[in-house]
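Subject: Structure handover and notes

Hello,

Here is the structure I said I would pass on. My notes on it follow below.

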Amino acid sequence: MADIAKLVEELSKLTVMEAAELAKALEEEWGVSAAAAVAVAAPAGGGDAGAAAEEKDEFDVILTGDGGKKIQVIKEVRAITGLGLTEAKALVESTPKAVKEGVNKAEAEEIKGKIEAAGGTVELK
């Protein structure tokens, strides 16, 4: 967990050009294309609202309660977000509050599972 937060912190320091080079290198290494994923996720014109909801690819993970296990939930929020103790405590105490915004479905489900395992309640929007 700490390794992921450290990696995210390091990646956040990249310039736009460095990030573009990294994306290209990962695409070549893994044989995938970030542009292709974006093109597939773009909504098709004229679709009904139900179809658009099914294609949603970005989610906000909203903490809705601590389930009486405030300390465990604070620890999990800190691990997920990299926030300090005071900031994580404030986030947990001010529910409903977004823990992460604009994440893909897999990451949103993973975060939800971790917070629920700690005793909290989560909603994906």
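Which residue does the side chain of Glu93 meet in a salt bridge? The partner is Lys70, with a distance of 2.7 Å from N to O. Before the rest, please keep in mind that this is a predicted model.

**Salt bridges**

The Glu93 and Lys70 pair links distant parts of the chain. Glu93 sits in helix H6 (residues 85-93) and Lys70 in helix H5 (residues 70-81), with their positions 23 residues apart in the numbering. Both ends are partly exposed: the relative accessible area is 41% for Glu93 and 31% for Lys70. The two residues also belong to a network of salt bridges, in which Lys70, Lys89 and Glu93 are linked.

In total, the structure holds five salt bridges. Another of them joins Glu110 to Lys114, where the closest N and O atoms are 3.1 Å apart. Glu110 and Lys114 both lie in helix H7 (residues 105-118), and because they are four residues apart there, about one helical turn separates them. Glu110 has a relative accessibility of 44% and counts as partly exposed. Lys114, at 24%, also counts as partly exposed; the cut-off for buried is under 20%.

A further salt bridge is formed by Glu123 and Lys125, with 3.5 Å between the closest N and O atoms. Glu123 is partly exposed at 34% relative accessibility, and Lys125 is partly exposed at 48%. As general background, side chains of opposite charge can pair when their charged atoms come close.

**Overall make-up**

The protein has seven helices and three strands. Along the sequence, the pattern reads α-α-α-α-β-α-α-β-α-β. Of its 125 residues, 17% count as buried. The exposed area of the protein is about 8500 Å², and carbon and sulfur atoms supply 57% of that area.

For contacts between residues at least 6 apart in sequence, 66% join residues that are at least 24 apart.

**The sheet**

The three strands form an open sheet, with the order S2-S1-S3 and antiparallel pairing. Strand S2 (97-103) and strand S3 (121-124) stand at the edges; each has a single partner strand, so one side of each is left without a neighbour in the sheet. From one strand to the next, the twist averages 20°.

How many bridges join strand S1 to S2? There are four, and S1 (residues 59-65) runs antiparallel to S2. On this side of the sheet, Val61 has Lys100 of S2 as its bridge partner, and Leu63 stands opposite Lys97, also in S2.

S1 pairs with S3 over four bridges, again in the antiparallel sense. Here Ile62 stands opposite Glu123 in S3. Glu123 is the residue already mentioned for its salt bridge with Lys125.

Is S1 mostly covered or mostly open? Mostly covered: five of its seven residues are buried.

**The nonpolar patch**

On the surface there is a nonpolar patch of about 630 Å², made by Leu7, Leu11, Leu14, Leu22, Leu26, Trp30 and Val32. Two elements, helix H1 (2-12) and helix H2 (16-30), give two or more residues to the patch. Which of the elements gives the most to it? H2 does, with three residues.

Leu22 is one of the patch residues and lies in helix H2. Its relative accessible area is 33%, so Leu22 is partly exposed. That value can be set against the cut-off for patch members, which is over 30% relative accessible area.

**To recap**

The main items are the open antiparallel sheet in the order S2-S1-S3, the five salt bridges, and the nonpolar patch of about 630 Å².

Regards

Conventions
Residues are numbered from 1 along each chain as its sequence is written. This is a predicted model: local features need pLDDT of at least 70, side-chain atom pairs count only at pLDDT 80 or more; totals for chains, interfaces and linings use all residues. Side-chain values use heavy atoms; hydrogens and water are left out. Two strands pair if DSSP finds at least two bridges between them. Axes are lines fitted to C-alpha atoms, for helices over the stretch in contact, and angles run from 0 to 180 degrees between N-to-C directions. Patches are made of residues with over 30% relative accessible area and no salt bridge: like charges are joined within 9 Å, nonpolar side chains (Val, Leu, Ile, Met, Phe, Trp, Tyr) within 5 Å. Accessible areas come from the Shrake-Rupley method with a 1.4 Å probe; for residues, only the protein chains shown count as cover. A salt bridge is a side-chain nitrogen of Lys or Arg within 4 Å of a carboxyl oxygen of Asp or Glu. Buried means under 20% relative accessible area, exposed over 50%, partly exposed in between (1.4 Å probe, protein chains only). Contact means heavy atoms within 4.5 Å.
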